[in-house]
Amino acid sequence: MFDLTKVPAKFPLGQIVATPNALNSVPNQEIMAALQRHIRGDWGNLDEEDRQANENALIQGSRLLSSYLTSLNVKFWIITEHDRSVTTILLPEDY
């Protein structure tokens with residue numbers, strides 16, 4: 001199993017929550033792997049402009065967004081709020 005406490009983090013995740021749709025569509029192992037990538041600053045499938053926005057958000061304290069695909073090509077997002085109090089796993093249609 002993945003241990004998020006052993007991953008060098010660029011920011012705190014706060015409380016981790018997920019939409020029911022995401023929990024039904026994304027295997028737990030893939031959620032945990034994506035969370036590990038997210039806290040390391042690997043933003044997944046974002047264009048350069050959105051990657052730069054995240055890098056700026058790390059400095060300015062804005063919201064962070066990552067986008068990933070499951071092994072079955074289901075797109076899901078991880079969003080950490082500006083105050084780092086909550087990180088949400090969701091599908092784009094849940095937004």
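Me: How many aromatic pairs does the structure hold, and what makes two rings a pair?
Reply: The structure, a predicted model, holds three aromatic pairs; rings of Phe, Tyr and Trp (its six-membered ring) pair if their centres lie within 6.5 Å, and planes under 30 degrees apart count as stacked, over 60 as edge-to-face and the rest as tilted. Local features here need pLDDT of at least 70, side-chain atom pairs count only at pLDDT 80 or more, and totals for chains, interfaces and linings use all residues. Residues are numbered from 1 along each chain as its sequence is written, and side-chain values use heavy atoms, with hydrogens and water left out.

Me: Why is the pair of F11 and W43 called stacked?
Reply: The ring centres of F11 and W43 lie 6.2 Å apart, within the 6.5 Å limit, and the angle of 20° between the planes is under 30 degrees, so the pair counts as stacked.

Me: What makes the pair of W77 and Y95 edge-to-face?
Reply: For W77 and Y95 the centre-to-centre distance is 5.9 Å, within 6.5 Å, and the planes stand 70° apart, which is over 60, so this pair is edge-to-face.

Me: Why is Y95 called exposed?
Reply: Buried means under 20% relative accessible area, exposed over 50%, and partly exposed in between (1.4 Å probe, protein chains only); Y95 has 61% relative accessibility, so Y95 counts as exposed.

Me: How do you know whether T70 is buried or exposed?
Reply: The relative accessible area of T70 is 5%, which is under 20%, so T70 is buried. T70 touches S25, V26, P27, E30 and F76, not counting residues up to four places away in sequence, where contact means heavy atoms within 4.5 Å.
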